[in-house]
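Here are a few exercises to work through with the model open on your screen. Try each task before you read its solution.

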Amino acid sequence: MLLSVKDIRKTFRSESALEPRIVLDGVDLDLEKGEAISILGPSGSGKSTLMNIIGALDKPDRGEVIFNGQSLSSKTEAELTSFRNREIGFVFQMHHLLPQCSVFENVLIPAVPVKDNEFKRSRMTFAEDLLKTTGLWEHKDQKPGVLSGGECQRVALVRAMINQPKLILADEPTGSLDEDNALSMITLLLDLNKQFEISLIVVTHSQEIGRKMEKQYNLRNGKLNLKT
Ligand SMILES: Nc1ncnc2c1ncn2[C@@H]1O[C@H](COP(=O)(O)OP(=O)(O)OP(=O)(O)O)[C@@H](O)[C@H]1O
Ligand SMILES: [Mg+2]
């Protein structure tokens, strides 16, 4: 088991509301190495909140996230930073590429803080491999500003892959793309998932995209349920 989410609860307090809002109300999820799943659910149901907790960008009020046999709650802030950088690849709805850097520089950014020098050096060749696989090599010296939305999202995916994470968290990765680009992005995600045995969690509003994953989950009223 790569990931085990156990009984996660998360509430948010707002100044206007008297009662805190329960967003996640006992969420459980198991994910095997190499497994690809989708999470669907209404806007505001807590999908991004759950992804942030799995990726250690946020902490649950209760419950725990166990990654590779280790509880995230037992890790120090420094260990969590390294966990996010080495084990997880994040892809968001907006690509968040640095406009002043070339495509090649952008995809290498997560390798900058890596301390293992040999691994760090090997990232250059890996970046080249990935950019070729994804059809982006011809754009390597260009800035994101001249690329299309679909190309930028693919660059963001290569960047998420650069440290060979064990899990990709993709939160509406096709949310800003048209249908054709959305499908090629999903195909690419699934190719990389198969080729590198990287586990994949895709949050989407599209049933069609959701169905392309091995398992589909629905988040609603604070609970995550496997769609049968
Ligand atoms: N930092 C925060 N402080 C207060 N409330 C928050 C915070 N983050 C999220 N929420 C609230 O938690 C609920 C769930 O938000 P979340 O972003 O996880 O939903 P979502 O399922 O990703 O929605 P969408 O499909 O629109 O992206 C929302 O009501 C949101 O307003
Ligand atoms: Mg969201």
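**Exercise 1: strand β1 and its neighbours**

Ser4 has Asp30 of β2 standing opposite. Before going on, note that this is a predicted model, in which local features need pLDDT of at least 70, side-chain atom pairs count only at pLDDT 80 or more, and totals for chains, interfaces and linings use all residues. Residues are numbered from 1 along each chain as its sequence is written, and chains are lettered from A and ligands numbered from 1 in the order in which they are written.

Task: work out which residue of β4 stands opposite Ser4, and what order the strands of the open sheet have.

Solution. Step one: go to β4, where Ile66 stands opposite Ser4. (Strands are DSSP runs of E, at least two residues, and helices are runs of H or I, at least four residues, numbered from the N terminus.)

Step two: look at the pairing on each side. β1 (residues 3-12) and β2 are antiparallel over eight bridges, while five bridges join β1 to β4 (residues 62-67), also antiparallel. Two strands pair if DSSP finds at least two bridges between them. On the β2 side, you can also find Phe12 opposite Arg21.

Step three: put the sheet together. It's open, has four strands in the order β2-β1-β4-β5, and the pairing is antiparallel. β2 (21-31) and β5 (70-71) are the edge strands, as each pairs on one side only.

**Exercise 2: the shell around ligand 1**

Task: find which helix gives the most to the shell around ligand 1.

Solution. Step one: list the residues near the ligand, meaning those whose C-beta atom, placed from the backbone, lies within 6 Å of it. Phe12, Ser14 and Val23 are among them, and so are Gly41, Ser43, Gly44, Ser45, Gly46, Lys47, Ser48 and Thr49.

Step two: pick out the helix. That's α1 (residues 47-54), which gives the most, with three residues.

Step three: sort by class. You get two nonpolar, eight polar and one charged residues. Here Ala, Val, Leu, Ile, Met, Phe, Trp, Tyr, Cys and Pro count as nonpolar, Asp, Glu, Lys and Arg as charged, and the others, Gly among them, as polar.

**Exercise 3: strand β7**

Task: decide how many of the residues of β7 are buried.

Solution. Step one: apply the cut-offs. Buried takes 20 or more other C-beta atoms within 10 Å of a residue's own, exposed 12 or fewer, and partly exposed is in between, with C-beta atoms placed from the backbone.

Step two: count. Five of the five residues of β7 are buried, so β7 is largely enclosed by the rest of the structure. Leu167, Leu169 and Asp171 point one way, and Ile168 and Ala170 the other.

Step three: check the partners. Four bridges join β6 (residues 88-91) to β7 in parallel, and five join β7 to β8, again parallel. Ile168 is the bridge partner of Gly89 and stands opposite Leu200 in β8.

**Exercise 4: helix α6**

Task: say which residues of α6 are buried and which are exposed.

Solution. Step one: the buried ones are Ala182, Met185, Ile186, Leu189 and Leu192. They cover an arc of only 125 degrees around the axis (taken from the directions from the helix axis to the C-beta atoms), which puts them on the same side of α6.

Step two: turn to the other side, where Glu179, Asp180, Thr187, Asp191, Lys194 and Gln195 are exposed.

Step three: just past the end of α6, spot Glu197, with a positive phi of about 55 degrees.
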